[in-house]
Amino acid sequence: DEGYTKNVIAYRCISLIAQNAGSIPWRLKIDGQEVEDHPALRLLTRPNPGQSRSEFIENLCGHLLIAGNCYIEAVGTGTGALHEMWVLRPDRMQVVPGPHGLPSAYRYNIDGGHKDFSADTTDGYGRILHLKSFHPLNDWYGMSPLEAAAFSIDQHNEAAKWNTALLQSSGRPSGALIYKPTGQDSYDTLTDEQRQNLRQELETYYQGAHNAGRPLVLEGGLDWREMALSPKDLDWAHGKDMAAREIALAFHVPPQLVGIEGSLTYANFEQARLAFYDDAVLPLMDHIRGELNIWLSRHFGEDLKLEYDRNAIEALAPRREKIWKRVKDADFMTMNEKRAALGLGRLDTPNADRLLVADIQTAK
């Protein structure tokens, strides 16, 4: 609640990573050969009646980044009989420890009751797939980036609350009304009724955005004295930006991409996008891909391999162009060797496995 729903920087970082991960298409290979139609591929394309692949992956990444844990339920058991996949809320899931360091079950608590999903005590897999990030102090649950950024998030939230309170107080810092008696008795003080009336008048006529700029009229020996530093003296904007940068750092998101002004870590936006995929999106996709391949292979009984399509990521296009040019200019490689280096299939043409004469002469 504090780290995601009430902090715009953490929300932006998590949404940015999850939405970009969900937009990447997937492919399937079985025994090294790419297939266009398969129950596992259809399952990933439409995981359940309420979600598409992109929404499913987005929810999965969102839970993993917020909680450090994500749980996927398989509906249907047996070889080839997996029909649906659902992402379950991690705050409702409890790991039931097993005797040999692996979970014996996963308990889902909802509406005052619970449902147990048994797990294989030899490898921990079952109808529930538990994805978790690394946590050095917990054997069963992962660590969320929000935990590492907790102090920075608190600072950023408090800064937002302070700014809101300042605006509600006419945009001025707090101060004090000092009563200086004008009579002979210098120890004279305000009565309780006078103090209450004065406080009520200040709140009614001088506090709030709608009263901003209204001059304060003092009488009867009253004097105004500021008792707080101004926002400029506090260097508030700089401190808030520093907290925002630290939050973005916890999620490996370049500050430019979350709208932090004055961020010159990367020379241009293109380099920032490339760093964003290298540090935030692709490692997360590798984690998801590895776990899904092991889990789905158990359910479908085949040596299947899901792969996300890197070539479909527009932000990586400049890097791909450089690789293609290097491979194209490699005169010591045959056409099929070049295609294999780029992850493409072989050609059956006569010259595909031979160096061309021009290439040989260039090599000499």
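This report walks through a helix pair, two small sheets and the helices that pack on one of them.

A word on the ground rules: this is a predicted model, where local features need pLDDT of at least 70, side-chain atom pairs count only at pLDDT 80 or more, and totals for chains, interfaces and linings use all residues. Residues are numbered from 1 along each chain as its sequence is written, and side-chain values use heavy atoms, with hydrogens and water left out.

Let's start with the helices. Helices (H or I, at least four residues) and strands (E, at least two) are DSSP runs, numbered from the N terminus. Helix α1 (residues 8–22) packs against helix α3 (residues 53–67) at about 145°, and their axes lie 8 Å apart. Axes here are lines fitted to C-alpha atoms, for helices over the stretch in contact, and angles run from 0 to 180 degrees between N-to-C directions. The crossing of α1 past α3 is right-handed, meaning that the near helix is turned clockwise from the far one by less than a right angle.

Who touches whom? On the α1 side, the contact (heavy atoms within 4.5 Å) includes Ile14, Ile17 and Ala18, while α3 brings in residues including Ile57, Cys61 and Leu65. Across the α1 and α3 contact, the residues split into eight nonpolar, four polar and two charged. In that count Ala, Val, Leu, Ile, Met, Phe, Trp, Tyr, Cys and Pro are nonpolar, Asp, Glu, Lys and Arg are charged, and the others, Gly among them, are polar.

Now the sheets. Strands of a sheet pair through backbone hydrogen bonds, either parallel or antiparallel. Two strands pair if DSSP finds at least two bridges between them. One open sheet of three strands runs β4-β3-β8 with antiparallel pairing, and another, also three-stranded, open and antiparallel, runs β5-β6-β7.

| Sheet order | Edge strands | Average twist between strands |
|---|---|---|
| β4-β3-β8 | β4 (84–88), β8 (128–132) | 25° |
| β5-β6-β7 | β5 (93–97), β7 (113–118) | 25° |

In the β4-β3-β8 sheet, strand β3 (residues 69–75) pairs with β4 over five bridges, and Ala74 has Met85 of β4 as its bridge partner. In the β5-β6-β7 sheet, strand β6 (residues 103–110) and β7 share six antiparallel bridges, with Ala105 standing opposite Ser118 in β7.

So what packs on β3, β4 and β8? Helix α3 lies across these strands, running at about 145° to β3. Helix α9 (residues 269–300) touches β3, β4 and β8 too, and its direction makes about 165° with that of β8.
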